[in-house]
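Student: I am new to this structure and would like a close look at a single part of it. Please go slowly, and tell me how that part fits with what is around it.

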Amino acid sequence: MNKSLIAIATMVAAMLSGTAHAGKTTDAIRERGQLACGVSTGVAGFSAADSKGEWRGLDVDLCRALAAAVLKDPTKVRWSPLTSQQRFTALQSGEIDVLSRNTTWTLGRDAGQGLVYAGYMFIDGQGFLVPSRLRITSAKQLNGAEVCVQTGTTTEKNLAEFARANKIQFKTLMFENLRAVLKAFFSGRCQAFTADASALASIRANDSGKPEDYMVLPDRISKEPLGPVVRRGDEDWFALVRWTIFALLEAEERGITQANVDELRKTTDDPAVQRLLGVSEEVGKPLGLDKEWVYRMLKAVGNYGEIFERNVGPNSLLQLPRGINALPRDGGVMYSPPLR
Amino acid sequence: MMRWRNWSLQCLVVGGVLLALYGLASIVAAKMRGLGVEPGFGFLWQRAGFDIGDALIAFDASDTYGRAFLVGLLNTVSVASVAIVASLLLGGALGLGQLARNRLLARLCEAYVELFRNVPLLLQVLIVYVLLIGRLPLPHEAWSLGPDVWLSKSGLALPWPVFTDAGLVLERPVLGRFTFSGGAVLTPEFMAVAAALTLFTAAYIAEVVRGSVQAVSKRQSEAALALGLNDAQTLRFVIVPQALRSMIPPLANQLLNLIKNSSLAVAVGYPDLVAVADTTLNQSGHAVECIAIIMAVYLFLSLVTAAIMNSWHGRLLRQQGGY
């Protein structure tokens, strides 16, 4: 009796104070004072600890943005480095609130395992790394070539399907160990090396010795949309994560950056910018957030474009072009519904 | 009474072991069903979906997992047979070399044995492989080792007879845009595994040979010399036939080790049985079945080898009238 009274009282209080109920995961995060974020054990550009032990990367910045939105402090994150075998169990068991760890969005994972994808932060695809001296411009010209593969779950299957679809033939060399396959490729044992394009970019930059002697071909032979995953059954938290990504995209579209966000908040006349930065309406309210959540996120990590540039963009270690991950106006597919 | 008790006790033990195995199997099966994988060997008839670069029989992605296993098995058998023959020859020579009267030769053979049996085999496989792919030229600058025989990073390409409409034709390797096609190719992976297995096992075989020869009484060779036989004749007609009797059982051990050691091929990407099984269990989720197949195949190969060696030993003992 007492408990239900308290519950009703809390609800009434919440309604009066104007904050919508934020969902049980959000409540748990606020109570804990920390966001539990599942990341990789070390993938350069996405989630990796730097020499000072600080986590950096595209997936890491999403968790910082979430912490800035929910806890008003981007540093209040507890990082859980997870292997690919551990990642889903950790989320299912409630050990982490969100899995932000270059994980491909597929039907089976989205529907069959008690999990749901909140969107995508980066669209990857299997590509080919070749020596520049071969002077080829497309993977379709690799007919008859020896291709090195690290045996994984789908890499060699995608390669075989690509060859079949294009009526070409490869001589496949399968290696279990990454070091061995890199040794073979860089010694010239095979003429191409296939893996996810973001991994190839990092290998070209860090392991080749001479990056200019190698190039990643433009072909993408598989679809690998990588995005954050949450548990099923908490739509409020799901919506919060999903709209966090959209807000980061919207900020880029409106030209709001980490550097000019303070300035714009004071001076802008653009109603869309005013709305986003909480000057006029409160777009965060239905998510259970206050009106400055986007402002705090942008102060902490910048907009999506800045996150991309800093971690994986042309001037980063990975040197990836924006490509399909650009906004629609630049030919990409990173689209956000209206934030209003 | 005593006998009856022994029997019943043994039946009880065997029954208990079988029951435990059955229990284990049903737990595994239930766990696999829970993960959405139907236990059993039915997956062997499913489409594999991956290519194998080095196959002795035709194989592509539309073939079954079962055929992929067959490709892996043939690769294991071929690399092991080549290494068995080569290591017996090399090991035999090194073993006799250690006993040579020429001090330099004997010390060199001893040095070889100490070096190669004390460096881990995995390391030897990797060193040989890295040397091969590092030192050999690119396919376009391949070394010519005779008419239509080319050695490069892509391996040793040589002419090979193939059946066509016009009958048996010698197909020659042709350099394409990237590498050689046609004819037969010994890949650097195959060469590295075969060479490392040979070098490693030969060191052990050399010791077996040396020990067995030294075990033959010194008076035997003195008697042979007294009869006017020269060194080579003494060795061939007197020493080796007697040494063989004690040599074969430890030799069989070395050959069994060699067959099992061939699974290190996976380190350099040679598609042997273990490599194919690894890829298959990764893709199909049938880990338990794949491991069971690996175990069964190595057990079978080892038993066959042991049976051959035992029958040779038995025949030798009968011929020589036993000990």
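Tutor: We will look closely at chain A, and then follow the contact over to chain B.

Before we begin, please keep in mind that this is a predicted model.

Let's start with chain A as a whole. Chain A contains 13 helices and 14 strands. Its C-alpha trace covers about 75 × 50 × 40 Å along the principal axes. How does the radius of gyration of chain A fit with a compact globule? For 340 residues, such a globule would be expected to have a value near 20 Å, and the 22 Å of chain A agrees with that. Of those 340 residues, 45% count as buried. The contacts of chain A reach far along the sequence too: if you take those with a separation of 6 or more, 72% join residues 24 or more positions apart.

Now let's pick out a helix, namely helix 2 of chain A, which runs over residues 24-32. Its buried residues are A:T25, A:T26 and A:I29. Looking down the helix axis, you would find these buried residues within an arc of 100°, so they line one face of helix 2 of chain A. A general point helps here: an α-helix has 3.6 residues a turn, so residues three or four places apart point the same way. What covers the buried residues of helix 2 of chain A? The cover includes strand 1 (35-39), helix 3 (58-71) and helix 9 (235-253) of chain A. On the face turned away from the buried side, helix 2 of chain A carries the exposed residues A:K24 and A:E31. After helix 2 of chain A comes A:G33, with a positive phi near 75°.

Next, find strand 8 of chain A, residues 126-131. This strand is mostly covered, with 5 of its 6 residues buried. Which strands pair with it? One partner of strand 8 of chain A is strand 11 (residues 192-196) of chain A, in the antiparallel sense, over 4 bridges. Within that pairing, A:Q126 stands opposite A:D196 of strand 11 of chain A. Strand 12 (residues 214-216) of chain A is also joined to strand 8 of chain A, by 3 bridges, and these two run antiparallel. Here A:V130 has A:M215 of strand 12 of chain A as its bridge partner.

A:D124 deserves a stop of its own, and you will find it in strand 7 (residues 122-124) of chain A. Is A:D124 buried or exposed? A:D124 counts as buried, because it has 24 C-beta neighbours inside 10 Å, and 20 or more are needed. Setting aside neighbours within four places in sequence, A:D124 is in contact with A:D196, A:A197, A:S198, A:E224 and A:L226. You have already met A:D196, the residue opposite A:Q126. Sequence distance and distance in space are both worth checking here: A:L134 is 10 residues from A:D124 in sequence, with 25 Å between their C-alpha atoms.

Finally, let's see what chain A touches. The contact between the chains takes 24 residues from chain A and 28 residues from chain B. On the chain B side, helix 4 (121-135) and helix 8 (273-284) each supply at least two of the residues that touch chain A. Helix 8 of chain B gives the largest share, 5 residues. Sorted by class, this side of chain B has 13 nonpolar, 11 polar and 4 charged residues.

Chain B also offers a helix to set beside helix 2 of chain A. Helix 3 of chain B (residues 103-117) has 15 residues and should span 21 Å at 1.5 Å a residue; its end C-alpha atoms are 21 Å apart, which agrees. Its buried residues are B:C109, B:V113 and B:F116. They cover an arc of only 90° around the axis, which puts them on the same side of helix 3 of chain B. Helix 2 (65-97) and helix 5 (188-215) of chain B are included in what covers them. Turned away from that buried side is a face with the exposed residues B:R103, B:L104, B:A111, B:E114 and B:L115.

Methods
Residues are numbered from 1 along each chain as its sequence is written. Chains are lettered from A and ligands numbered from 1 in the order in which they are written. This is a predicted model: local features need pLDDT of at least 70, side-chain atom pairs count only at pLDDT 80 or more; totals for chains, interfaces and linings use all residues. The expected span of a helix is 1.5 Å times one less than its number of residues. A residue is buried if 20 or more other C-beta atoms lie within 10 Å of its own, exposed if 12 or fewer, and partly exposed in between; C-beta atoms are placed from the backbone. The arc is that of the directions from the helix axis to the C-beta atoms. Two residues are in contact if their C-beta atoms, placed from the backbone, lie within 7 Å. Ala, Val, Leu, Ile, Met, Phe, Trp, Tyr, Cys and Pro count as nonpolar, Asp, Glu, Lys and Arg as charged, and the others, Gly among them, as polar. The radius of gyration is taken over C-alpha atoms; the globule rule is 2.2 Å times the number of residues to the power 0.38. Two strands pair if DSSP finds at least two bridges between them.
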